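Student: I have a structure open on my screen and I'd like to practise giving reasons for the labels people use. Could we go through it together?

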Amino acid sequence: MAPASDEEQQIHCRLDELLAARGMTLTELSQRVGISIVNLSVLKNDRARAIRFSTLSAICDVLDCAVGDLLVVSP
C-alpha cells in the first residue's frame, strides 16, 4: 500500500479536544511534558510528520489518555 499524500493525510491529532476537555492550555501541557509549544502546535495542527514514542507517551501520561484517544484515523 502506498503512503498517503499530504492532501490525503489520514491520521488526525485530537490534542485541541483533549486539552479543552481537561481545561488545560497548550502552554501548561508544554511545561508539564517538557516539549516546546512550537512542537506541540505542529502536532495539534496536524502538520507533524512523525512523533517519538517517548513524546507520545509523555503527552498521554499528562492528559491521562490512551494513544487512540489522541491520534485517530480519518476516512
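Tutor: Gladly! Let's begin with a term: accessible areas here come from the Shrake-Rupley method with a 1.4 Å probe. By that method the protein chain exposes about 5100 Å², and carbon and sulfur atoms supply 52% of this area. Keep in mind that this is a predicted model.

Student: What pattern does the protein chain follow along the sequence?

Tutor: The pattern reads β-α-α-α-α-α-β. That fits the count of 5 helices and 2 strands in the protein chain.

Student: What makes Ser 30 count as buried or exposed?

Tutor: Compare its value with the cut-off. Buried means under 20% relative accessible area. Ser 30 has 10% relative accessibility, so Ser 30 counts as buried. You will find Ser 30 in helix α2, residues 26-33. Leaving aside neighbours within four places in sequence, Ser 30 is in contact with Ile 35, Ser 36, Ile 37 and Leu 40.

Student: And what share of the protein chain is made up of buried residues?

Tutor: Buried residues make up 28% of the 75 residues in the protein chain.

Student: How do you know whether Thr 27 is buried, exposed or partly exposed?

Tutor: The middle label covers values between the two cut-offs, 20% and 50%. Thr 27 has a relative accessible area of 38%, so Thr 27 is partly exposed. Thr 27 also has its place in helix α2. From Thr 27 to Ser 41 there are 14 residues in sequence and 10.0 Å in space, C-alpha to C-alpha.

Student: Which residues does Arg 32 contact, leaving aside neighbours within four places in sequence?

Tutor: Arg 32, which lies in helix α2, is in contact with Met 24 and Val 62. Here, contact means heavy atoms within 4.5 Å. Arg 32 and Ile 59 are 27 residues apart in sequence, with 8.8 Å between them in space, C-alpha to C-alpha.

Student: How many disulfides does a search of the whole structure find?

Tutor: The search finds 0 disulfides.

Student: Why is there no bond between the sulfurs of Cys 65 and Cys 60?

Tutor: Set the distance against the cut-off: a disulfide needs two cysteine sulfur atoms within 2.5 Å. The closest cysteine sulfur to that of Cys 65 is in Cys 60, at 3.9 Å, so the two are too far apart for a bond. For Cys 13, the closest cysteine sulfur is in Cys 65, and the distance of 9.2 Å is therefore also too far for a bond.

Student: Are those cysteines, Cys 13 and Cys 65, buried or exposed?

Tutor: Use the 20% cut-off again. Cys 13 counts as buried because its relative accessibility is 4%. Cys 65, at 14%, counts as buried too.

Student: What makes the phi of Asp 46 worth pointing out?

Tutor: Here is the background: most residues other than glycine have a negative phi. Asp 46 has a phi near 60°, a positive value in a residue other than glycine. Asp 46 lies in the loop between α3 and α4, and is partly exposed, with a relative accessible area of 23%. Asp 64 has a positive value as well, with phi near 50°.

Student: Where is Asp 64, and is it buried or exposed?

Tutor: Asp 64 is found in the loop between α4 and α5 (67-70). Exposed means over 50%. At 68% relative accessibility, Asp 64 therefore counts as exposed.

Student: Which residues line the second largest pocket?

Tutor: Among them are Ile 35, Asn 39, Leu 40, Arg 52 and Ile 59. The elements that give two or more residues to this lining are α3 (37-44) and α4 (53-63). α3 gives the most, with 4 residues. The lining divides into 8 nonpolar, 2 polar and 1 charged, and about 150 Å³ of space lies in this pocket.

Student: What about Ser 74: where is it found?

Tutor: Ser 74 is in the segment after β2 (71-73). Ser 74 and Ile 11 are 63 residues apart in sequence, yet 5.9 Å apart in space, C-alpha to C-alpha. Leaving aside neighbours within four places in sequence, Ser 74 is in contact with Gln 10 and His 12. With a relative accessible area of 25%, Ser 74 is partly exposed.

Key:
Residues are numbered from 1 along each chain as its sequence is written. This is a predicted model: local features need pLDDT of at least 70, side-chain atom pairs count only at pLDDT 80 or more; totals for chains, interfaces and linings use all residues. Side-chain values use heavy atoms; hydrogens and water are left out. Buried means under 20% relative accessible area, exposed over 50%, partly exposed in between (1.4 Å probe, protein chains only). On a 1 Å grid over the protein atoms alone, a cavity is a set of points where a 1.4 Å probe fits but cannot get out, and a pocket is an open set with protein on both sides within 12 Å along at least five of seven lines; lining residues have an atom within 4 Å of a point. Grid points are joined across faces, edges and corners, and a volume is the space filled by probe spheres set on the points. Ala, Val, Leu, Ile, Met, Phe, Trp, Tyr, Cys and Pro count as nonpolar, Asp, Glu, Lys and Arg as charged, and the others, Gly among them, as polar.
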